[in-house]
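Here is a short briefing to read alongside the model. Please keep the sequence and the 3D view open as you go through the points.

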Amino acid sequence: MTQKVAVLGTGKIGEALLSGMIRAGWSPADLLVTARRPERAEELRNRYGVTPVTNPEAAKTADTLILTVKPQDMGTLLDELVPHVPTDRLVISGAAGIPTSLLEERLAEGTPVVRVMTNTPALVDEAMSVISAGTHATGEHLAHAEEIFGALGKTLRVPESQQDACTALSGSGPAYFFYLVEAMTDAGILLGLPRDKAHDLIVQSAIGAAVMLRDSGQHPVTLRENVTSPAGTTINAIRELENHGVRAALIAALEAARDRSRELASGKST
């Protein structure tokens, strides 16, 4: 791998990307990083052997620029980058809600842009990264993005029109599961279990259920029905979930997340 890749605004996800790429075989000598604080940049240099640079230096030097800043910081970053990005650079945006068209309007005409939404399981190489092409991005550009983000887990190509929905489902998705585990742990304590035992029971159950969903090829309804005996404990629990509108609440929550992603794309930061 001889292409130079720069990760700009290297926070937790950016660092996870760096470490995943190195484990996948990328040479630290081919990886550049930028960070808001100089001490953060030096920390990354010491930890991974990568080269800290400024944002303009990254634009001039790297073949691929991966923008991992928060959506509200994208404008400031682009102000620094735009004068220095040649049209042969691949620009990958990982900012939630920011469409490729916004970057294309600021960058030189013809610059290829790819939009990627990943999630925090990137920290354990189990990310779901969703990839979309901008106007000038080719299949080769998409394949290169898949090569990079494949180091963190699974990748999926979608039309950009579906990115806001994917942000709601997988970008924010881990938080929903953490929220559910938190609630189930509280229920376990209420039922008389120590917190650590309730936590272990729930986490292992969640891991087992996820593996079954991934590997069995069966519909989640079938898997649920296999656990749901007539007049048993599970059906009584599910009846209460339905009585409290949990399914409807989840649908409404994901719609709210999608709508917020659209608001970010329109420039609404509050």
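In this predicted model, domain 1 and domain 2 together bury about 790 Å², and 66% of that area falls on carbon and sulfur atoms. On the domain 1 side, G97, M117 and N119 provide 40% of the area buried against domain 2, more than any other three residues. The second largest pocket also belongs to this story, since both domains give residues to its lining and it therefore lies between them.

**How the two domains meet**

- The domain assignment splits the protein chain into domain 1, residues 5-158, and domain 2, residues 166-266.
- From one C-alpha centre to the other, domain 1 and domain 2 are 32 Å apart.
- Contacts between the domains involve 14 residues of domain 1 and eight residues of domain 2.

**The pocket between them**

- The second largest pocket has a volume of about 620 Å³.
- Its lining is made up of 25 residues, and those closest to the pocket centre are I13, G94, A96, M117 and T118.
- M117 is worth a second look: this residue is among those closest to the centre of the second largest pocket, and it is also one of the three that supply 40% of the area domain 1 buries against domain 2.
- Helix 1 (12-23), strand 6 (113-117), helix 7 (163-171) and helix 12 (246-265) each contribute at least two residues to the lining.
- Helix 12 gives the largest share of that lining, with four residues.
- By residue type, the lining of the second largest pocket has eleven nonpolar, eleven polar and three charged residues.

**What the UniProt record lists**

- An unreviewed UniProt entry gives residues 4-97 as "domain: Pyrroline-5-carboxylate reductase catalytic N-terminal".
- Across residues 4-97 the chain is 40% helix and 18% strand, with its end C-alpha atoms 27 Å apart.
- For residues 160-264, the unreviewed UniProt entry lists "domain: Pyrroline-5-carboxylate reductase dimerisation".
- Across residues 160-264 the chain is 82% helix and 0% strand, and the end C-alpha atoms are 15 Å apart.

Notes
Residues numbered from 1 in each chain as written. Predicted model: local features only at pLDDT ≥ 70, side-chain atom pairs only at ≥ 80, totals over all residues. Heavy atoms only, no water. 1 Å grid on protein atoms, 1.4 Å probe; cavity = no way out; pocket = protein on both sides within 12 Å on 5 of 7 lines; lining within 4 Å. Points joined across faces, edges and corners; volume = space filled by probe spheres on them. Nonpolar A, V, L, I, M, F, W, Y, C, P; charged D, E, K, R; others polar. Domains from an automatic or database assignment. UniProt positions renumbered as here; feature names shortened; annotations may be inferred. Contact = heavy atoms within 4.5 Å. Buried area = accessible area lost by both parts, 1.4 Å probe.
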